[in-house]
Amino acid sequence: MSDEVEVVGFGAGAATVPVLAVEVGGLRAAGAGAGTNAGVVLPGSVAGVLERGQVLAEPGTVGACRGFVGDLAVLAADQGGVELRDGVRLAVHVRAAAVTGTLALLKGTEVLRPLHQGAVAVALEHPVPVERGQRFAVRHAGRAVGSGSVTGLPG
């Protein structure tokens, strides 16, 4: 196999690595399409430096962002929801990535209370791959407090 993939996220830059093999169901395969649960065999020197939350993609097709705009729904108080104010730091979960982010409330909102929904901008400490329509979750003080979907990307 001579295809190359790009490692995207957490400052990986434009590192491309060769794919040595593809495995589907534990067996070697000629390739795998979208939605296929597959294993990708990479050189040993690369596998040791990959981080949870990074993605492998065709070179140039996916970028990483340091922030996004989204709609956030806060859980009920009895489910862990708390009031969220401008500037609060949260653990933001996108795909398998967990990164610290700072919340900015949009459209004149001063506070998001439990069981409310609002537009937010999230500034992330590290760049992660994000797409419009993608789901995300937020945690505060170790507890799940809400979830939402990405509505906009910078640029």
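Among contacts in the protein (contact means heavy atoms within 4.5 Å) between residues at least 6 apart in sequence, 60% join residues at least 24 apart. The model is predicted, so local features need pLDDT of at least 70 and side-chain atom pairs count only at pLDDT 80 or more, while totals for chains, interfaces and linings use all residues. Residues are numbered from 1 along each chain as its sequence is written, and side-chain values use heavy atoms, with hydrogens and water left out.

**Exercise 1. The overall picture**

Task: State what secondary structure the protein has and what share of its residues is buried.

Solution. Begin with the helices and strands, which are DSSP runs numbered from the N terminus (H or I of at least four residues for a helix, E of at least two for a strand). The protein has one helix and 14 strands. Next, take burial, where buried means under 20% relative accessible area, exposed over 50%, and partly exposed in between, with a 1.4 Å probe and protein chains only. By this rule, 35% of the 155 residues count as buried. Finally, the C-alpha atoms fill a box of roughly 55 × 30 × 25 Å along the principal axes.

**Exercise 2. The two faces of strand 9**

Task: Decide which side chains of strand 9 point to the buried face, and find the strands with which strand 9 pairs.

Solution. First recall that in a regular strand the side chains alternate between the two faces of the sheet. In strand 9 (residues 89-94), Leu90, Val92 and Val94 point to one face and are buried, whereas Arg89, Ala91 and His93 point to the other and are not. Then look for partners, remembering that two strands pair if DSSP finds at least two bridges between them. Strand 9 runs antiparallel to strand 10 (residues 97-105), with six bridges joining them, and arginine 89 has threonine 102 as its bridge partner there. Strand 9 is also antiparallel to strand 13, through four bridges, and in strand 13 it is arginine 139 that stands opposite alanine 91. The last step is the turn: the hairpin of strand 9 and strand 10 has two residues between the strands, and arginine 95 takes a positive phi near 55°.

**Exercise 3. The nonpolar cores**

Task: Identify the residues that touch the most other members of the largest nonpolar core, and say which strands supply this core.

Solution. A nonpolar core is a set of buried Ala, Val, Leu, Ile, Met, Phe, Trp, Tyr and Cys residues joined through side-chain atoms within 4.5 Å. The largest has 23 residues, and Phe68, Leu72, Leu84 and Leu103 touch the most other members. At least two residues of this core come from each of strand 7 (64-74), strand 9, strand 10, strand 12, strand 13 and strand 14 (143-152). To see one member in detail, take leucine 84, which, not counting residues up to four places away in sequence, touches Leu72, Val74, Leu90, Leu103, Leu105, Val111, Leu112 and Val145. There is also a second, separate core of seven residues, which includes Val5, Val7, Val22 and Leu42.

**Exercise 4. The partners of valine 22**

Task: Find the residues that valine 22 faces in strand 5 and in strand 4.

Solution. Start with strand 3 (residues 21-24), which is joined to strand 5 (residues 38-41) by four bridges in an antiparallel arrangement; in strand 5, valine 40 is the bridge partner of valine 22. Now turn to strand 4 (residues 27-29), which pairs with strand 3 over three bridges, again in the antiparallel sense, and there alanine 29 stands opposite valine 22. Strand 3 and strand 4 form a hairpin with two residues between them, and glycine 25 in the turn has a positive phi of about 65°.

**Exercise 5. Buried or exposed?**

Task: Classify glutamine 134 and alanine 98 by accessibility, and list their contacts.

Solution. Glutamine 134 lies in the loop between strand 12 (117-129) and strand 13 (135-140). Because its relative accessible area is 11%, glutamine 134 is buried. Leaving aside neighbours within four places in sequence, glutamine 134 is in contact with Val94, Arg95, Pro129, Gly148, Ser149 and Val150. Alanine 98, by comparison, is placed in strand 10, and with a relative accessible area of 49% alanine 98 is partly exposed. With neighbours within four places again set aside, alanine 98 is in contact with Phe10, Val92 and His93.
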